[in-house]
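Subject: Structure handover

Hello,

Here is the structure for you to look through. My notes on it follow below; please read them with the structure open.

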Amino acid sequence: MLSGILERRRTPRRALVALARLRSGLRASELGLVGLAIGVGVAAGLCVSLMTSVVNAAHMLIYGIPFDVHLSAAQRVSPLAALAAPMLGGLALGSVDAWRARKKLPHVVDPVEANALRGGRMSLRDSLLVAAQTVTSNGCGASVGLEAGYAQIGAGLASKLGLDMHLRRQDLRMLVGCGAGGAIAAAFGAPLTGAFYAFELIIGAYSLANVGPVFAAALTATLTTKAIIGAPYVISAPEVPALNFVHYGALIGLGLVAAAVGVGAMRAAALIERAFHAAVPWRLPRPVAGGLMLGAMALYTPQVLGAGHGALGLDFYWPMTATQLSVLIVLKLFASLVSLASGFRGGLFFASLFVGSLLGKLYSIGFDVLFPSLGLDTTACVLVGMGALSTAIVGGPLTMTFLVLESTGNLSIAGGALAASIATTLAVRATFGYSFTTWRLHLRGETIRGGQDIGWMRDLTVAKMMIPSPPLFPADQSIRAFREAYPLGSANVVVAVGDEGRYHGLIQVPEAHAMELEEGDDGGPVGLIERLPATTLHPDDDIRSALDLFGVARSDTLAVTARETGRVLGTLGEAFAARRYAQETDGAMKGVLGGG
């Protein structure tokens, strides 16, 4: 009996040892990471299938549309449903937002912010909340796509798995990219698009070490969703004739137009959000007001509802005038920005594809009027417009190029999309510098421009590098007294302090001893030779800020002081800070190039 009790006690311990060995093996093996990525891909594909099915069912029940008709492709919708559904959905979302505000809960971290600043760490609970909010928003008809919710839940599951497996920082960031990229691949039935979404937008770099896991996750997620419901956002396009040299030039022009529209939309997003906050200062009714505006626009055309997948397929073949296209472009952009500004959750990925297709068709009409003999194909403009405007708003020129390629199978059109997307990227960077995601983070006070890992710079603060308890000297004492206290060779820099240890300036010991003092002359107060009386570092400054201040001050050493009291806490040398920066940068690059 005693042996049975001991055996039962050993069993949990053996399980823990086996789990620890499994974790160690997965962390140390590239094949192990590929296995984890496949699991993440399956989970992402399942989540995409579930979220899409729930939204489709909601559209059928609320708007009474047939099962095989997308909401934005409906000829008309019930005025009661168009007004009531977004308002009731907005009320539910406003209630959650108001509750989180009362509890003073932190903002939800998205995959880009997680990989840029937090080493891939995300909250699975918050990611589930975002997924539910996105489903609610799109399900009630808000003019947003599900792709942001897809990417959020895929990345959140990946982050949870990676944290449980105690993955290294670079491996965790890579796995988050697998989750987000797998979700996008599943949504569009396009594994190359999903993989490069991960590389360009989430991980921030392409490397051989990441290729296997990212592509494995993207392909697995695509196959999983196709086996269950089919790709929800798959784009089909008719055959397009080959492009010539002149056509490529015209499509580059379309890319520049798309850049202007994209930058205008992103700047308008901030203005509309501020207007909403001013007009409706309370969180609870704000989405209700947005839902009312959206319902009013839906009475004019249902194409403003939902992501726009059905409308894109419909308008691909439907003849439209320049006036109709212009009105629809403005309405869809405004509906999407109002939805996001008022508090609905979702993304602009598919909305930018839809508006880009309309912009391409409008550009084709104008081009044919000006240059009728060049024969620029309308379908080519539609496809390239999709990729170019999405590049401007979402980012990722290769991501959008592969989406066009996987939608058409036409290398010539993909080449035109690539040329236009590169032109768009260069124009947006030169005039604006942000994608929609990073622009919203910028408005919140962040400075990131993508998924590149800069979080380690914020973690490496002055407090972690400074030398505590530096040599001090009272600022009201004489130079002679200073020379007696600090002979040559005893120190290089001494910090002069005033009352209660407050910073007064820096004293160079060799400079103090270089002064000629006659017998009986104390040289006056040491403050006469102090330097940088108003320039100090603070413990919470990061290494990038510290190096910038060294450059401005042109000093080898700076004092570190408490931000509130000015009391001296230590000193930091520029050479040491630069060496630590180089070491950390080198480590980060090795992680990118070598998988951690």
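The lining of the second largest pocket has 21 nonpolar, 14 polar and 1 charged residues. Please keep in mind that this is a predicted model. The volume of that pocket is about 610 Å³. Its lining is made up of 36 residues, and those closest to the pocket centre are Thr52, Asn56, His70, Pro232 and His309. Two elements, α2 (30-63) and α12 (309-317), give two or more residues to the lining. Which of the elements gives the most? That is α2, with 7 residues.

Next, the helices. Helix α13 covers residues 322-342. At 1.5 Å a residue, its 21 residues should span 30 Å, and the C-alpha atoms at its ends are 30 Å apart, so the expected and the computed values agree. After α13 comes Gly343, which has a positive phi, near 125°.

One residue to look up in α13 is Thr323. Is Thr323 buried or exposed? Its relative accessibility is 58%, and exposed means over 50%, so Thr323 counts as exposed. Thr323 and Leu362 are 39 residues apart along the chain, while their C-alpha atoms are separated by 9.0 Å.

Helix α16 (residues 397-408) can be checked by its length too. With 12 residues at 1.5 Å each, a span of 16 Å is expected for α16; the end C-alpha atoms are 17 Å apart, which agrees. Why can α16 be called largely enclosed by the rest of the structure? Because 9 of its 12 residues are buried, where buried means under 20% relative accessible area. The buried residues of α16 include Pro397, Met400, Phe402, Leu403, Val404 and Leu405, and also Thr399, Thr401 and Ser407.

Last, the sheet. It is an open sheet of 3 strands in the order β2-β3-β4, with mixed pairing. The edges are taken by β2 (472-474) and β4 (503-508); each has a single partner strand, so one side of each is left without a neighbour in the sheet. On average, neighbouring strands here are turned by 35° against each other, with direction ignored. How do β3 and β4 pair? Strand β3 (residues 493-497) pairs with β4 in the antiparallel sense, over 5 bridges. To find one of the paired positions, start at Val497: its bridge partner in β4 is Tyr503.

Regards

Technical notes: Residues are numbered from 1 along each chain as its sequence is written. This is a predicted model: local features need pLDDT of at least 70, side-chain atom pairs count only at pLDDT 80 or more; totals for chains, interfaces and linings use all residues. Side-chain values use heavy atoms; hydrogens and water are left out. Two strands pair if DSSP finds at least two bridges between them. Helices (H or I, at least four residues) and strands (E, at least two) are DSSP runs, numbered from the N terminus. Axes are lines fitted to C-alpha atoms, for helices over the stretch in contact, and angles run from 0 to 180 degrees between N-to-C directions. On a 1 Å grid over the protein atoms alone, a cavity is a set of points where a 1.4 Å probe fits but cannot get out, and a pocket is an open set with protein on both sides within 12 Å along at least five of seven lines; lining residues have an atom within 4 Å of a point. Grid points are joined across faces, edges and corners, and a volume is the space filled by probe spheres set on the points. Ala, Val, Leu, Ile, Met, Phe, Trp, Tyr, Cys and Pro count as nonpolar, Asp, Glu, Lys and Arg as charged, and the others, Gly among them, as polar. The expected span of a helix is 1.5 Å times one less than its number of residues. Buried means under 20% relative accessible area, exposed over 50%, partly exposed in between (1.4 Å probe, protein chains only).
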